[in-house]
Amino acid sequence: MTSGSSGIDHRSETSGSVERLRAYLHEGVAVRGRTTDDVTGAMREAILDGVLSPSTWLRESELATAFKVSRTPIREALKRLADEGLVVKTAHHGAMVAALSLEDVLALYVVREDLEGLAARLAAVRCPEGLVEQLDEINADMREAAAREDVAELSKLNLSWHRALRTGAANPYLERFLNQVEHAVRRLPATTLVHPGRAEEVLAEHDAVARAVQERDGEVAEQHARAHMRRAREIRLAVLLGG
């Protein structure tokens, strides 16, 4: 994902999030040979959760203090996150959390429509034992969360539903790409599920995909998954533009 020049500013610093960052690195896990992996994972989750918000400058000294490690694993973690598109490194100013422009969001949903459609097709063709039941169970949990107006849980379950679908596709390359897409989606402000009526739409759209998977109809499953993503894009734009 490209950051877009309009997203770069100096409004936010790492220091204000030190205590919250520490919570992402479990006590005792940063041991020799795993320090860089653990720090990278902790920083990734902090970015995806918005604790490290877009355009936050990432100071190596402050991050080292927050995670109680040396600068070496911090430096390596920043390199890895830059490769994932979550961090932008500049020649003279260091690193910052990448921003997402409107163009990035549009590009994200174009790719997501193709990949989610392919995942649904492959999952329907394979239809591994237990997949349909898993999709239905998650959707039922989503219905209960919607009834409670628990948007945070609803959003979490929605991601779980899509993970289950792509796992059912059993294509490691597709799963890797969709993991990256999920990371980008988690960084978007708010959730489309807060849009009036969207939760009910999502439940119906998920059910349509699950029924096609159950029938082992790859073409129909892909059609429903693509329509699901197109509608998600429409709602996302409406949320971003205040519609």
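Reader: What does Arg230 count as at 34% relative accessibility?
Author: This is a predicted model, in which local features need pLDDT of at least 70 and side-chain atom pairs count only at pLDDT 80 or more, whereas totals for chains, interfaces and linings use all residues. Residues are numbered from 1 along each chain as its sequence is written, and side-chain values use heavy atoms, with hydrogens and water left out. Buried means under 20% relative accessible area and exposed means over 50%, with partly exposed in between, for a 1.4 Å probe and protein chains only. Because the value for Arg230 is 34%, this residue counts as partly exposed.

Reader: Which residue forms a salt bridge with Arg230, and how far apart are the closest N and O atoms?
Author: A salt bridge is a side-chain nitrogen of Lys or Arg within 4 Å of a carboxyl oxygen of Asp or Glu. The partner of Arg230 is Glu113, and their closest N and O atoms are apart by 2.9 Å.

Reader: Where do Glu113 and Arg230 lie, and how many residues apart are they?
Author: Helices (H or I, at least four residues) and strands (E, at least two) are DSSP runs, numbered from the N terminus. Glu113 belongs to helix H5 (residues 102-126) and Arg230 to helix H10, so that the salt bridge links distant parts of the chain, with a separation of 117 residues.

Reader: Is Glu113 buried or exposed?
Author: Glu113 is part of a network of salt bridges that also links Asp114, Arg121, Glu222, Arg226 and Arg230. With a relative accessible area of 10%, Glu113 is buried.

Reader: Which residue meets Arg75 in a salt bridge?
Author: Arg75 lies in helix H4 and its partner in helix H3, so the pair ties together parts that are 15 residues apart in sequence. The partner is partly exposed, with a relative accessible area of 22%, and Arg75 is also partly exposed, at 34%. The N to O distance is 3.1 Å, and the residue in question is Glu60.

Reader: What is the angle at which helix H3 and helix H4 pack?
Author: Two packed helices are described by the angle between their axes and the distance between the axes. Axes are lines fitted to C-alpha atoms, for helices over the stretch in contact, and angles run from 0 to 180 degrees between N-to-C directions. For H3 (residues 60-67) and H4 (residues 71-83), the axes are 9 Å apart and the angle is about 115°.

Reader: Which residue is separated from Glu234 by about one helical turn in helix H10?
Author: Glu234 is partly exposed at 44%, and its side chain takes part in a salt bridge with an N to O distance of 2.9 Å. The partner is 3 residues apart from Glu234 in H10, which means about one helical turn, and it is Arg231.

Reader: What is the phi of Glu149 near?
Author: Most residues other than glycine have a negative phi, and most peptide bonds are trans. Glu149 is found in the loop between helix H6 (131-148) and helix H7 (151-169), and it is exposed, with a relative accessible area of 69%. Its phi is positive, near 60°.

Reader: Where is Ala170, the residue with a positive phi of about 55°?
Author: Ala170 is partly exposed, with a relative accessible area of 45%. Its place is the loop between H7 and helix H8 (172-186).
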